[in-house]
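Hi everyone, thanks for coming. Have a look at the picture I'm putting up, and then we'll go through it together.

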Amino acid sequence: MAWIRTSLSLISFGFGINQIVAAINRATTDPDVVRLSRLVGLMFIAVGIYAITVAILEHRQDLRRIQRDDYLYISRRSHAVVVATSLLLIGIFAFAAILIKT
């Protein structure tokens with residue numbers, strides 16, 4: 001359930017940024033601001049889609065292992081680290097783009 005909440009938040013945030021871009025587009029003539037904001041919004045949506053897809057696949061895999069009665073801890077790559085790293089990169093990208101623009 002936590003992954004669903006997180007994914008929904010990321011997708012909603014990306015969609016919200018897109019709506020803000022539409023308002024900015026009506027108020028400004030600077031196309032760079034619009035492109036940057038839209039790109040950041042799409043990145044958030046992409047990370048949200050990745051997170052929900054991975055959550056679905058892992059949930060199905062865990063259910064199968066429980067049904068086979070061989071549910072043991074298996075060390076695997078943390079998808080939380082992947083999502084956190086992606087968000088970090090989005091933040092760095094947005095920060096650098098704003099810093100360069102000003």
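Let me start with a question: which residues line the second largest pocket? Keep in mind that this is a predicted model. The answer is M1, A2, W3, I4, I52, A55, I56, E58, H59, R60 and D62. This pocket has a volume of about 190 Å³. Two elements each give two or more residues to its lining, namely α1, which covers 2-27, and α2, which covers 31-68. The biggest share comes from α2, with seven residues. If you sort the lining by class, you get seven nonpolar residues, one polar and three charged. And how do we get at a pocket like that? Rolling a probe the size of a water molecule over the atoms shows where empty space is left.

Okay, let's zoom out to the whole chain. What is it built from, helices or strands? The protein chain has three helices and zero strands, so going from the N terminus the order reads α-α-α. Now for the overall shape. The radius of gyration is 18 Å, while the globule rule gives 13 Å for 102 residues, and 18 Å is well over that, so the chain is more spread out than a compact globule. You can put a box around the C-alpha atoms too: along the principal axes, that box is roughly 60 × 25 × 15 Å. Of the 102 residues, 23% are buried.

Next up, α1. This helix has 26 residues. From its first C-alpha to its last, α1 reaches 37 Å, close to the 38 Å expected at 1.5 Å a residue. Which residues of α1 are buried? They are S7, L10, G14, I17 and V21. Look at how those numbers step along, and remember this bit of helix geometry: an α-helix has 3.6 residues a turn, so residues three or four places apart point the same way. For contrast, find R26, also in α1. R26 has 68% relative accessibility, and the cut-off for exposed is over 50%, so R26 counts as exposed.

Over to α2, where there's a salt bridge to look at. How many does the structure hold? Just one. The partners are R65 and D62, and their closest N and O atoms are 3.7 Å apart. Both sit in α2, three residues apart, which is about one turn of the helix. Are they buried or exposed? Both R65 and D62 are buried. You've met D62 already, by the way, in the lining of the second largest pocket.

While we're in α2, here are a couple more residues to click on. A51 is in this helix, and because its relative accessibility is 2%, A51 counts as buried. M43 is in α2 as well, but at 23% relative accessibility M43 counts as partly exposed.

Last thing: distance along the sequence against distance in space, going C-alpha to C-alpha. Take A51 and A80, which are 29 residues apart in sequence and 8.3 Å apart in space. Then try R26 and A51, with their positions 25 residues apart in sequence and 32 Å between them in space. And what about M43 and I74, how far apart are they in space? That pair is 31 residues apart in sequence and 30 Å apart in space.

That's my tour. Feel free to spin the model around and find these residues yourselves.

Note on methods
Residues are numbered from 1 along each chain as its sequence is written. This is a predicted model: local features need pLDDT of at least 70, side-chain atom pairs count only at pLDDT 80 or more; totals for chains, interfaces and linings use all residues. Side-chain values use heavy atoms; hydrogens and water are left out. On a 1 Å grid over the protein atoms alone, a cavity is a set of points where a 1.4 Å probe fits but cannot get out, and a pocket is an open set with protein on both sides within 12 Å along at least five of seven lines; lining residues have an atom within 4 Å of a point. Grid points are joined across faces, edges and corners, and a volume is the space filled by probe spheres set on the points. Helices (H or I, at least four residues) and strands (E, at least two) are DSSP runs, numbered from the N terminus. Ala, Val, Leu, Ile, Met, Phe, Trp, Tyr, Cys and Pro count as nonpolar, Asp, Glu, Lys and Arg as charged, and the others, Gly among them, as polar. The expected span of a helix is 1.5 Å times one less than its number of residues. Buried means under 20% relative accessible area, exposed over 50%, partly exposed in between (1.4 Å probe, protein chains only). A salt bridge is a side-chain nitrogen of Lys or Arg within 4 Å of a carboxyl oxygen of Asp or Glu. The radius of gyration is taken over C-alpha atoms; the globule rule is 2.2 Å times the number of residues to the power 0.38.
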